[in-house]
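Student: I should like to learn how terms such as contact, pocket and cavity are justified. May we work through one example together?

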Amino acid sequence: MLSAGAAAQVPLGSDVKARAQPQASHYIDGAYVEDTDGRVIDCIYPATGEVIARLHSATPAVIERAVASARRAQGEWERTVPAERGRILRRAADIMRERNHDLSVLETLDTGKPYQETIVADALSGAEAFEFYGGLASSINGECIPLGESFVYTKRVALGVCLGIGAWNYPTQIACYKGAAALACGNAVVFKPSEVTPLCALQVAEILVEAGLPKGLYNVVQGYGDVGSALVAHPDIEKISLTGSVPTGARVMAAAGEDIKHVTMELGGKSPLIVFEDADIETAVSGAILGNFYSTGQICSNGTRVFVHRDMRAEFEARLIERVRAIRLGDPLDPETQMGPLISAAHMDKVLGYMQLGQQEGARLLYGGERAEVEGFEDGSFVQPTVFTGVSDDMRIAREEIFGPVMSILEFEDEDEVIRRANDTGFGLAASVFTRDLQRAHRVIDRIQAGTCWINTHNVMPVEMPFGGVKKSGVGRENSRAALDHYSQIKSVYVEMGGIDAPY
Ligand code: NDP
């Protein structure tokens, strides 16, 4: 929620849009870099359709410069005492907290997400990542394995230059999550934001340098998918961490396989949210609302297949619709607004297509289903929060990732049945179970095929919790100590303490 302190800083009027234009498109070796030969990237404010900044996609020269600066800086960074690496990351966290208001306004302009969300969810989660990995930097240790007099010791060493490729839904958070873990382990980073949301990562890069990060260790390169492909194939990139869709993940993983590069894949989902008949109804409805409509439904781990027990369904739907009706759509910069537009007009068309498809497939529309009219924002990509019931497992709205505010309610009768149906998907990112029965909660979650699970809540993601998917939803984990394993590798050293013999 918006704090009094944040509200007092305002400038939340239309004039803030004029300040969205960055100094230049890319941030390389501690400075802004421009190359106007690159294809134009128009950054559009999704609430109004206005172009608020104009940038350029990276040319081959820009890509080379970014990777070369990262390569140059990485060796010394890896040899920097870990406690010093940690101090720099923690200073970056402090700066992000101090600038939370400005960073949140920028996140709102970049994505259209309401300021009420961005002020609590974006720069602050980035700051938490810098704090967390800053604290862990000194504890990235190996082990000593005694073997009689001789012994083996291991070290966790950096991978080298890591490429981060971001999706458009959480541009600040993704830039920080990938950067914090990579830098703590002694790597350098080249980050390519989605071309739809190019603004926020540049601020992250600036803040890191201000916090004392040596130049060249965190570079931001803008571009379309072709820039991503060129970076993925670059021989000086050792690891790729992608947040994006499954088809992009498949392409990037295949390309990375050519050179046996390390990968982390944070991909899409169609996660189940299971409500048993004994669940606390307000908690379950809150979980379903947060798990479908926060960020206008543009969250990979959303629980878009809401399985509700037959005995609970009518009551659940009645309470849900009462609350969904009250969601306030509007000006994203108004602190009272709860739901903003979708990221773009093209994405809105896709989501509206699924809203129509649900009705054609025979699902019953309980609420929404159309473009939303917001006074003063007629060209914005607003859609109504939408709820379908009577959804069956084979409908496309229950099988495909929509990435918008579209909830499908599916009725079930018993535990084995709902587990089987919940697992009947190629995705495996997340899942949640709502019940007051402690044993059932653990029993069911244990059998669900998903990497990130919740009991009696949904989409809570503290940095301490490993995050990632199974099946087609991904490979590797972000956040928590687990991410350190994906940004470093083990080097083992056998130390012979006696003489050695040879058979010939
Ligand atoms: P995309 O897969 O379209 O794009 C992701 C990123 O990859 C973009 O920066 C994109 O650049 C880039 N890219 C596209 N093609 C290539 C390529 N061949 N090589 C290298 N890079 C490439 O995803 P969206 O941006 O549309 O984001 C939505 C998706 O992200 C959803 O599926 C969602 O579930 C997933 N997601 C997953 C999360 C997770 O943690 N599991 C979190 C958030 C979102 P460009 O945009 O310029 O084409």
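Tutor: We begin with a definition: a polar contact is a pair of N or O atoms within 3.5 Å. Please keep in mind that this model is predicted.

Student: What makes the pair formed by serine 229 and the ligand a polar contact?

Tutor: An N or O atom in the side chain of serine 229 lies 3.2 Å from a nitrogen atom of the ligand. The cut-off is 3.5 Å, so this pair counts as a polar contact.

Student: Which backbone atoms are paired with an oxygen atom of the ligand?

Tutor: A polar backbone atom of glycine 223 is 3.1 Å from an oxygen atom of the ligand. For glycine 244, a backbone N or O atom is 3.3 Å from an oxygen atom of the ligand. Both distances are within 3.5 Å, and therefore both pairs are polar contacts. Of the 910 Å² that the ligand exposes when taken alone, the protein buries 86%.

Student: What makes a residue count as near the ligand?

Tutor: One of its heavy atoms must lie within 4 Å of the ligand. There are 29 residues around the ligand, and Glu195, Ser245, Thr248, Leu267 and Glu401 come nearest. Helix H9 (225-233), strand S10 (239-243) and helix H10 (246-258) each supply at least two residues of this shell. By class, the shell has 12 nonpolar, 12 polar and five charged residues.

Student: Why is a space called a cavity rather than a pocket?

Tutor: A space is called a cavity because a 1.4 Å probe fits there but cannot get out, whereas a pocket is open. The whole structure holds three cavities of 30 Å³ or more. The largest cavity has a volume of about 60 Å³, and its lining includes Lys270, Cys300 and Glu401.

Student: Why is Gly269, in the lining of the largest cavity, counted as polar?

Tutor: Gly269 is counted as polar because the classes used here place Gly among the polar residues. The lining of the largest cavity has four nonpolar, five polar and two charged residues.

Student: What can be said of the second largest pocket?

Tutor: The second largest pocket contains about 340 Å³ of space. It is lined by 19 residues, and Arg19, Ala20, Asp102, Leu106 and Gln203 are the closest to its centre. Helix H4 (100-111) and helix H8 (200-210) are the elements that give two or more residues to this lining. H4 provides the largest share, six residues. The lining divides into 11 nonpolar, four polar and four charged residues.

Note on methods
Residues are numbered from 1 along each chain as its sequence is written. This is a predicted model: local features need pLDDT of at least 70, side-chain atom pairs count only at pLDDT 80 or more; totals for chains, interfaces and linings use all residues. Side-chain values use heavy atoms; hydrogens and water are left out. On a 1 Å grid over the protein atoms alone, a cavity is a set of points where a 1.4 Å probe fits but cannot get out, and a pocket is an open set with protein on both sides within 12 Å along at least five of seven lines; lining residues have an atom within 4 Å of a point. Grid points are joined across faces, edges and corners, and a volume is the space filled by probe spheres set on the points. Helices (H or I, at least four residues) and strands (E, at least two) are DSSP runs, numbered from the N terminus. A polar contact is a pair of N or O atoms within 3.5 Å; within protein, one must be able to donate a hydrogen and the other to accept it, and residues adjacent in sequence count only if both atoms are side-chain atoms. Accessible areas come from the Shrake-Rupley method with a 1.4 Å probe; for residues, only the protein chains shown count as cover.
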